[in-house]
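This report covers strand pairing, the nonpolar core, the domains and the contact between chains. The structure comes first, and the text follows.

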Amino acid sequence: MTTPPGIDAATFADGLAAMRSAVGDEWVFDQPADLNTYRDFYSVLWGEPEEKLASAAVAPASVEEVQAVVRVANERRIPIYPISTGRNLGYGGSAPVLSGSVVVDLKRMDRVIEVNEDNCSALVEPGVSFFDMYRHLRESGSKLMMSVPDPGWGSLVGNALDSGGGYTVAGYRGHFEAVCGIEAVMADGELLRTGMGALPGSETWQQYRMGLGPCLDGMFRQSTLGVVTKMGFWMFPTPEAWLSGSVSVMRYEDLDELVRVANELEYGNLFNGMPGFSSPVLTQENPIAMAMIPEPEVMNRMVAESGVPAWSFSPNFYGPERVIREQWAYVKSRFEHIPGVQFAETGFVDLPLSPDDMERIHKPRFGIPSLEIFSVGSRGYGNFNPSDGHIWFSAVIPRSGQGIIDANRVMRAECERLGLDLFMFAPAVTCWTRSFVLFAAVPVYKDGRNEHLRDAVREIIRTCASHGWGEYRCPPAFMDDVMEAYSFGDHKLRRVNEQIKDALDPNGIISAGRYGVWPERYRHLRRDGGAA
Amino acid sequence: MRLAFAVAGALALAAGGAFAQQATRTGPAAPELEHGKAVYAHWCAPCHANSMGLAGTNSLTIKYEGTDIPGVLEDRTDLTAPVITYFVRNGVAWMPPFRRTEVSDADLAALSAYLTAPLEDRGAHTPLLADEMAEMEAAR
């Protein structure tokens, strides 16, 4: 039997026995066939000695069982790693960051505790998937709309905790931004409720996020500080209609103005849906992987010869038809000063959606979960198939035209220099409020190519950091590298995080190493040897 | 126990499945297959439904091009419980394995019973959740 680092076999066996007492024999897994299902199927360390593997898994079904499991672990200093649904593929899946940890699988905690139609909010457990929630909302006749990421099998809670994003309305589609109220089991086994949840008898847990004093919700984002057992979300009332437009411009030089005006309109609430930015002329060959942005005269010549616009901006509107048509008219008026600008209404849908609508819409735009995104990897675009999965590279870049140009060129040049394939490359994703995130999907294989891939990604992380671009999220193999880039004040951010970690979890049992934060006892396991 | 009998019965019936290719696919599944069909709807259909643009159906259609093996799992008559168990618990290509907290052993047995039952007992093709919900709302 594999044991967690620093734990002897007798202590580990005693801990698993105590966990069995807490959750029932059938919900503690320590046999190879079961542990195989907890591997990160898209791991860049697959099959190598450094692959991050669980020593066991335990699946509590209630908050009380989670508390019992955490207490068992804390008393014996057994490292644990909570997962919600474990479907965070490309970012680690169901495997721990610290190899040998016991995965606490919360999938069985799958209750939708409350949907409050008047408050437009929900309170759910971590095992509730987007599919589960969608069925719950529709079958109950709810007027509320979810925001979902592309893969619908993930957890509302887990996806928000990892800062996932969807496609819907500002304030909702950055999923952690819609969180209002968290319940978490802390390392000592006690239960914490954030915000108004701390006030017994309050009816406002899903209304006022802050409560009193420091707002602690952020302590649980991408963190190592607790096992989240309930989470509240604000939800968007299903609008009457949706409209999508496009604003296309014909010169390389127009991008800065396109982004500047678009930003002002979004920040002024003139449109509420997720906007898109693209280059039609540079996505002619591959619509999901934008080519490198050439020099201005080259790009302008491409536009002149093809008639295909240089850049496009796509605002999306959710609301009553007469309101969003007026908004679209106003948005168009703000771009009319750009020579050669073209406008088009690219989509309009009355809600609720009909069965026929389902055939022509991008489902996540309407909060409808699916797994259709995975078709890009199974004989989709590009020449990478069949690959064995993918990872994401996703750096926060400046929200400006120049930000798009610089990031595109640096990323494309580095990938070419390092021989790194990309099968999706979107230079400016806008799920998260006021930000641009460069998104690049890299195929992974199980045939020995991963060492090169890891070296290349680490080099790109350093290159991006030298430009001031840091990833907002990453696979476990790169968490230390990415956190290393957030180095202001001699890594003060990491040092404070680790001071908090040591204070709240002195035995260092929860999610050691997640996003580069290591407890004192395991700090030597950081990729730099714990020097920082 | 009831499930075990259902599996054994379904496996025995599946031996004649090759003759059922033209079976009409309408209506609900046979009552003893409802659990398995529900497992299929929740865990398999999002990638393997009888619909274009889905990863599983696309991949298998290409894999079996030029053969008489259909790309939609629900139309297969050559699957066996051990094969289904292997792929569910081990994954393949981009499809990860499924844990027992997701697809329990009982769910897996029911799924196997469904995917190895005579085609005429399986009822209509399983819809995607989005389509099922849209139809439900349209009927309100």
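In this predicted model, strands β1(A) and β2(A) run antiparallel and are joined by 2 bridges, with β2 spanning residues 56-58 of chain A. Within that pairing, Val28(A) stands opposite Val58(A) of β2(A). The two strands belong to an open sheet of 4 strands in chain A, ordered β1-β2-β4-β3, and the pairing in the sheet is mixed. Its edges are β1 (28-29) and β3 (80-83) of chain A, each of which pairs on one side only.

Val58(A) links this sheet to the core. Apart from neighbours within four places in sequence, Val58(A) contacts Met19(A), Val23(A), Trp27(A), Val28(A), Val69(A), Val102(A), Val104(A) and Asp105(A). In the largest nonpolar core, which holds 184 residues, the members that touch the most others are Val58(A), Val69(A), Val102(A) and Leu422(A). The element that gives the most to this core is a helix of chain B, α5 (residues 105-116), with 7 residues.

A second set of pairings in chain A centres on strand β12 (residues 241-249). Of the 9 residues in β12(A), 7 are buried, and the strand is mostly covered. The table lists its antiparallel partners.

| Partner of β12(A) | Residues of partner | Bridges | Sense | Opposed residues |
|---|---|---|---|---|
| β14(A) | 311-314 | 3 bridges | antiparallel | Val249(A) and Trp311(A) |
| β15(A) | 316-319 | 4 bridges | antiparallel | Ala241(A) and Gly319(A) |
| β16(A) | 342-350 | 8 bridges | antiparallel | Trp242(A) and Val349(A) |

On the level of domains, the assignment for chain A gives domain 1 (9-105), domain 2 (112-237), domain 3 (241-351), domain 4 (390-443 + 449-483) and domain 5 (486-525). Between the C-alpha centres of domain 1 of chain A and domain 4 of chain A the distance is 30 Å. Their contact takes 9 residues from domain 1 of chain A and 12 residues from domain 4 of chain A. On the domain 1 side of this contact in chain A, 6 residues are nonpolar, 2 are polar and 1 is charged.

Chain B is built from helices: there are 7 helices and 0 strands. From the N terminus on, its elements read α-α-α-α-α-α-α. Chain B has 140 residues, and 43% of them are buried. Among the contacts within chain B that join residues at least 6 apart in sequence, 79% are between residues at least 24 apart.

The last topic is the contact between the two chains. How many residues does each of chain A and chain B give to the contact? Chain A gives 37 residues, and chain B gives 31 residues. On the side of chain A that touches chain B, the elements giving two or more residues are α2 (32-36) and α4 (130-139) of chain A. Of these, α4(A) has the largest share, with 4 residues. By class, the side of chain A that touches chain B divides into 15 nonpolar, 12 polar and 10 charged residues.

Note on methods: Residues numbered from 1 in each chain as written. Chains lettered and ligands numbered in written order. Predicted model: local features only at pLDDT ≥ 70, side-chain atom pairs only at ≥ 80, totals over all residues. Domains from an automatic or database assignment. Contact = placed C-beta atoms within 7 Å. Nonpolar A, V, L, I, M, F, W, Y, C, P; charged D, E, K, R; others polar. Pairing = 2+ DSSP bridges. Core = buried A, V, L, I, M, F, W, Y, C linked by C-beta atoms within 7 Å. Buried ≥ 20, exposed ≤ 12 C-beta atoms within 10 Å, placed from the backbone.
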